[in-house]
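The following exercises introduce a protein chain through its sequence and its coordinates. Each task is followed by a solution in steps.

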Amino acid sequence: MDDRRLVLGQLLLPAGVTARFELRHDRWLADESQGLLRWHDGPLECRGGDTLLLVAKDMGAAVVLQGLDPASVQAGSRGAGVLLQAGRDEYASSGIEWEVREVVEAPLQPLA
């Protein structure tokens, strides 16, 4: 993913809980206060048109956003996903939904 591209969106988690997320370069960050997300930031990996929000480079995914490619996704795009590692055991491996709210393309800064 281009390091000048910022993808902002929202996750609809189990029990009607929502979380905001940000994808930037090779990192992800999420803001959720109900404790449904066990992990709130880490590296991301794109694989087969899906985005995996990883716990760490050498660990598995916490969340899979199916059909979301941060390099080409547009604002208004929606899809499904899976919450693999939840903050509450009863929600592990639950289906979720994602929506991209905004995509920001930062222009290159000229060299001085």
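**Exercise 1.** Which polar contact joins the side chains of E99 and R101, and at what distance in Å?

*Solution.* The model examined here is a predicted one.
Step 1. Locate the residue: E99 belongs to strand β8, which covers residues 94-105.
Step 2. Inspect the pair in the task: the side chains of E99 and R101 are joined by a polar contact of 3.4 Å.
Step 3. Look for a further partner: a polar contact of 3.4 Å also links the side chain of E99 with that of R78.

**Exercise 2.** Determine whether E99 is buried or exposed, and list what it touches beyond its neighbours within four places in sequence.

*Solution.* Step 1. The relative accessible area of E99 is 17%.
Step 2. A residue counts as buried under 20%; E99 is therefore buried.
Step 3. With neighbours within four places in sequence set aside, the contacts of E99 are G9, Q10, F21, S77 and R78.

**Exercise 3.** Describe the surroundings of D50 and classify its exposure.

*Solution.* Step 1. D50 lies in strand β5, residues 50-54.
Step 2. Its relative accessible area is 23%. Partly exposed residues fall between the limits of 20% and 50%, so D50 is partly exposed.
Step 3. Apart from neighbours within four places in sequence, D50 is in contact with E45, V64, L65, Q66, G67 and L68.
Step 4. For G67 a polar contact can be specified: the side chain of D50 reaches the backbone nitrogen of G67 at 2.7 Å.
Step 5. As a distance exercise, take D50 and A19: they are 31 residues apart in sequence, and their C-alpha atoms are 19 Å apart in space.

**Exercise 4.** How many helices and strands does the chain have, and does its radius of gyration agree or disagree with that of a compact globule?

*Solution.* Step 1. The chain has zero helices and eight strands, so the order of elements from the N terminus reads β-β-β-β-β-β-β-β.
Step 2. A compact globule of 112 residues would have a radius of gyration near 13 Å. The chain has 14 Å, and therefore agrees.
Step 3. Along the principal axes, the C-alpha atoms fill a box of roughly 55 × 30 × 30 Å.
Step 4. Of the 112 residues, 37% count as buried.

**Exercise 5.** How far apart are the mean positions of the positive and negative charges of the chain?

*Solution.* Step 1. The chain carries 11 positive and 17 negative charges.
Step 2. Their mean positions are 2 Å apart.
Step 3. For the surface, the accessible area comes to about 6200 Å², with 49% belonging to carbon and sulfur atoms.

Key:
Residues are numbered from 1 along each chain as its sequence is written. This is a predicted model: local features need pLDDT of at least 70, side-chain atom pairs count only at pLDDT 80 or more; totals for chains, interfaces and linings use all residues. Side-chain values use heavy atoms; hydrogens and water are left out. Helices (H or I, at least four residues) and strands (E, at least two) are DSSP runs, numbered from the N terminus. Buried means under 20% relative accessible area, exposed over 50%, partly exposed in between (1.4 Å probe, protein chains only). A polar contact is a pair of N or O atoms within 3.5 Å; within protein, one must be able to donate a hydrogen and the other to accept it, and residues adjacent in sequence count only if both atoms are side-chain atoms. Contact means heavy atoms within 4.5 Å. The radius of gyration is taken over C-alpha atoms; the globule rule is 2.2 Å times the number of residues to the power 0.38. Accessible areas come from the Shrake-Rupley method with a 1.4 Å probe; for residues, only the protein chains shown count as cover. Lys and Arg count as positive and Asp and Glu as negative; His and the chain ends are not counted. The place of a charge is taken as NZ of Lys, CZ of Arg, CG of Asp or CD of Glu.
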